[in-house]
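Biologist: Could we go through one of the helices in this model together?
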Amino acid sequence: MPYLTYEEFKELNKADVDEKTFDKLLPKASALLNNVTNHFYVINDILLDNPWRVNQLKQALCAQIEYFHELGASTFESINKAPQTFSAGRTSVSNASRYNPSGANESKSLVAEDVYIFLEGTGLLYAGVATW
């Protein structure tokens, strides 16, 4: 069962994403959120969980889909294929980095930063060891 329907996506997010694109990006975005949340909703029934936490997960999923849509890519390689620098004649252009002034050795994350805004405080980011 998908975590999010297109109708819910349109209610929660104002991004201009058509249904065909949504259907294409949803499986990868869901897989990433499963990874980030330590597969919480694979083990636990989403229909029985706290409605607030479920809503936060859906908001995070919307953010991830919007991120993929804006970048036009959904794989690490595709997201990071842009060159750090390029030259045309005597003109050189460098993609600046927020961490390194030269822009070198930095790659964009596969997970949107906005995902963590929605999941923080939900318990879904818990990375401890389970005591089953």
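Biologist: How many residues does H4 have, and how far does it reach?
Modeller: Helix H4 (a DSSP run of H or I, at least four residues, numbered from the N terminus) covers residues 51-71, which is 21 residues, and reaches 30 Å from its first C-alpha to its last. That is close to the 30 Å expected at 1.5 Å a residue, taking 1.5 Å times one less than the number of residues. This is a predicted model, where local features need pLDDT of at least 70 and side-chain atom pairs count only at 80 or more, while totals for chains, interfaces and linings use all residues. Residues are numbered from 1 along each chain as its sequence is written, and side-chain values use heavy atoms, leaving out hydrogens and water.
Biologist: And what follows H4?
Modeller: Glycine 72 comes after H4, and its phi is positive, near 70°.
Biologist: New topic: which residues of H2 meet H4?
Modeller: Among them are Phe22, Leu25 and Leu33 of H2, and on the H4 side the residues include Leu61 and Phe68, where contact means heavy atoms within 4.5 Å.
Biologist: At what angle do the axes cross?
Modeller: The axes of H2 (residues 19-36) and H4 cross at roughly 120° and come within 9 Å, the axes being lines fitted to C-alpha atoms over the stretch in contact, with angles from 0 to 180 degrees between N-to-C directions.

Notes. Helices (H or I, at least four residues) and strands (E, at least two) are DSSP runs, numbered from the N terminus.
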